[in-house]
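Welcome, and please have your viewer open with the cartoon and side chains ready to toggle. We will move from one selection to the next and say what is there at each stop.

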Amino acid sequence: MQRRQIGLWVYYFAAAIVFAIDYVSKKLIEHNLELNEQIKVIGNFFLITFIHNRGAAFGILQEQRWFFLLITVVVVSAIVIYLNRSHRNNRRLMLAALSLILGGALGNFLDRAFYGQVVDFLQFNFGSYTFPIFNIADSAIVVGVCLIILDSLLTPTPTQETKNEQQNEPSERQPV
């Protein structure tokens, strides 16, 4: 029994939702907090801390705006191509993962393109260790990557026997 295929637009809509949530959350932070201001949410464990990040994840590669813009264009293009290919295979977990990554990548791309920096605000502390501050887009990208890993673990790889069976199946097209 084959699962019913969900329209491709659903996955692009999901990416748009991720993008919108990221955008709104960043604007709320910018309009309601001063730069470097902190709000304790759960003691010292979870804080809202408004910072600007001119680098990549964890603040690496500071001041490399054009590099990140170029890489993001390449990655987003590859995601769109792979999203369309994965849709034909009806790999829902992979499609959901790609949607999250696409929405997150576009969210951070917008910040870098227009402002030269990304708004980060989610801070977690584990004892004396402070995890690098991040945002919703970063979270979506990380969850998307984890789902891709999960999909690769759950999707069986075709064996040589399966490949031979597929090659020996009669074609659905009739010769002219």
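Begin by selecting D138, which sits in helix α4. Helices here are DSSP runs of H or I with at least four residues, strands are runs of E with at least two, and both are numbered from the N terminus. A word on the ground rules: this is a predicted model, in which local features need pLDDT of at least 70 and side-chain atom pairs count only at pLDDT 80 or more, while totals for chains, interfaces and linings use all residues. Residues are numbered from 1 along each chain as its sequence is written, and side-chain values use heavy atoms, with hydrogens and water left out.

**Stop 1: the annotated pair**

Keep D138 selected and add D120. UniProt lists these two under "active site", in an unreviewed entry; its positions are given in the numbering used here, feature names are shortened, and annotations may be inferred rather than shown by experiment. The two span 19 residues in sequence, yet their C-alpha atoms are no more than 9.0 Å apart, so they gather at one spot.

Now show the surroundings of D138. Leaving aside residues up to four places away in sequence, D138 touches N108 and D120, where contact means heavy atoms within 4.5 Å. With N108 there is also a side-chain to side-chain polar contact at 2.8 Å. A polar contact is a pair of N or O atoms within 3.5 Å; within protein, one must be able to donate a hydrogen and the other to accept it, and residues adjacent in sequence count only if both atoms are side-chain atoms.

Turn to D120, which is found in strand β3. Is D120 buried or exposed? At 1% relative accessibility, D120 counts as buried; buried means under 20% relative accessible area, exposed over 50%, and partly exposed in between, with a 1.4 Å probe and protein chains only. Beyond residues up to four places away in sequence, D120 touches several others, including T49, F50, I133 and F134. Look as well for the polar contact between the side chains of D120 and N53, at 3.2 Å.

**Stop 2: the sheet around β3**

Select residues 118-126 to light up strand β3, where seven of the nine residues are buried. Next add residues 46-53, strand β2, which runs antiparallel to β3 and is joined to it by six bridges. Two strands pair if DSSP finds at least two bridges between them. Within this pairing, I51 stands opposite D120.

On to residues 129-130, strand β4, which pairs with β3 in the antiparallel sense over two bridges. Here F126 faces Y129, and N125 stands opposite T130. Strands β3 and β4 form a hairpin with two residues between them, and G127 in the turn has a positive phi of about 65°.

Now show the whole sheet: it is open, has four strands in the order β1-β2-β3-β4, and pairs antiparallel. Strands β1 (38-42) and β4 stand at the edges, each with a single partner strand, so one side of each has no neighbour in the sheet.

**Stop 3: the salt bridges**

How many salt bridges does a search of the whole structure find? The search finds four, counting a side-chain nitrogen of Lys or Arg within 4 Å of a carboxyl oxygen of Asp or Glu.

Select K26 and D22, whose closest N and O atoms are 2.8 Å apart in a salt bridge. Both lie in helix α1 (residues 8-32), four residues apart, about one turn of the helix. Both are buried.

Add D111, whose side chain meets that of K26 in a salt bridge at 2.9 Å, N to O. This pair links distant parts of the chain, with D111 in helix α3 (residues 92-115) and K26 in helix α1, 85 residues apart. D111 and K26 are both buried.

Move to R91 and D151, whose side chains meet in a salt bridge at 2.1 Å, N to O. R91 lies in the loop between α2 (65-89) and α3, and D151 in helix α4 (residues 136-154), so the pair ties together parts 60 residues apart in sequence. R91, at 21% relative accessibility, counts as partly exposed, whereas D151, at 5%, counts as buried. Looking back over the bridges, shared partners join D22, K26 and D111 into one network.

**Stop 4: annotated segments**

Finally, color the stretches that the unreviewed UniProt entry annotates as "transmembrane region", among them 66-84 and 93-110. Residues 66-84 are 100% helix and 0% strand, with end C-alpha atoms 27 Å apart. Residues 93-110 are likewise 100% helix and 0% strand, with end C-alpha atoms 26 Å apart.
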